[in-house]
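Have the model open and your viewer ready? Here is a short tour of an enclosed space and a sheet.

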Amino acid sequence: MKIRVYPRGADNPYVDNFFGFANKKGLWHKDNSIVKLIFNTDVLHIQWPEAWRWGDAIERLRMVFYFVLLPVWKVLFQIKVINTVHNLRPHDTTSWFAKRLYVWTLKNCDGFVHLTDTGKKQFLDIYPWAKKKQHTTIPHPDYRSQLSCVGNEDARKKLDLPTGQVRVVYFGHVKPYKGVERLIKAFVNAKVPAETGSLWVGGNASDEMKEVLISLANGHSNITLELNYINDTDLEMQVKAADWVVLPYFSGLNSGVAVYSLSCGARALVPDTEVMHELDDLTGGGSFEYFTNDNFSDVLVSLFSKTTRGMTRDVNLQKLDRELIGSKYLEFIKRVVC
């Protein structure tokens, strides 16, 4: 059996992590070749249906052609199609065509992988027709296998952070719906002294977004912006050195950022949603502080008065174990194929 993933996610640690078990079994084939996606596949696993928008003009046309004719390829070549539900609708677009193609692609899937039961319920509420498809809930795997043994204190020394300074970190793609602009505004308005706290923001951003964030942070020495790709080693040091990782999102169904933070032993400030509560409960509870859109600034400010460094307990990542999740995934694939 051949499993091909689109997009294959060479720069996304989640994809390598989730499919690591299948890779060990020789089932995952890392190739985005459109020919192989059609002619040499048993299972096509689409991670992000909107990914066709990320390429250049020629790549977009090729992938639109592929997805529009997805039901034809399925019949001709007996392909089964799986989708991991990372979000309920495409982000960062108001295009009628993009939204229609998104739903069209979902309707041509044979099965869906949900990262939480709560997310599954939300998905089926929006797309009731999907109840006729096959579903499974498989949590986002932890990242321990991709991390070094460096701890919080060593990471802080490496970054030369003052002992009493509370370090707040944001990482990931910098997009409007992720609320990075309001994070910086709230930090600036709080007038946090450098000896008390600092903010680090890392991740790819558009030129327009860079201008906005740089302007907001201008003149504040305790705000560091690295608005580009962050390599794995540097990212690990920043997160392990953090007192808090902040997810200032306005919307979002799931978060690999939260799982990565837990894997690094960092506490997180997250949206007060059922999805986040489910993840916290799954890992033993007590790792997250919660905010609503109305009280985000107040909760952020309160982090700088918390004196306990690091986790107050051991995070239970047993249910996020990569091997366990990999075996559950292959069981689901076999069910869909058969």
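## Who lines the cavity

In this predicted model, helix H13 gives the most to the lining of the largest cavity, with four residues. Helix H13 spans 274-282, and together with helix H12 (256-264) it makes up the elements that give two or more residues to that lining.

If you would like to select the lining by hand, pick Leu 115, Thr 116, Pro 139, His 140, Asn 254, Ser 255, Gly 256, Val 259, Val 275, Met 276, Leu 279 and Leu 282. By class, seven of the lining residues are nonpolar, five are polar and none is charged.

## How much space

How many cavities of 30 Å³ or more does the structure hold? The count is one. About 100 Å³ of space lies in the largest cavity.

## The sheet

Now for the strands. Six of them form an open sheet with parallel pairing, and the order reads E2-E1-E3-E4-E5-E6. Strand E2 (28-29) and strand E6 (134-137) stand at the edges; each has a single partner strand, so one side of each is left without a neighbour in the sheet.

## A closer look at one pair

Strands of a sheet pair through backbone hydrogen bonds, in either a parallel or an antiparallel sense. Strand E4 (residues 80-85) runs parallel to strand E5 (residues 111-114), and four bridges join the pair. For a spot to zoom in on, try Asn 83, whose bridge partner in E5 is Phe 112.

Notes:
Residues numbered from 1 in each chain as written. Predicted model: local features only at pLDDT ≥ 70, side-chain atom pairs only at ≥ 80, totals over all residues. Heavy atoms only, no water. Pairing = 2+ DSSP bridges. 1 Å grid on protein atoms, 1.4 Å probe; cavity = no way out; pocket = protein on both sides within 12 Å on 5 of 7 lines; lining within 4 Å. Points joined across faces, edges and corners; volume = space filled by probe spheres on them. Nonpolar A, V, L, I, M, F, W, Y, C, P; charged D, E, K, R; others polar.
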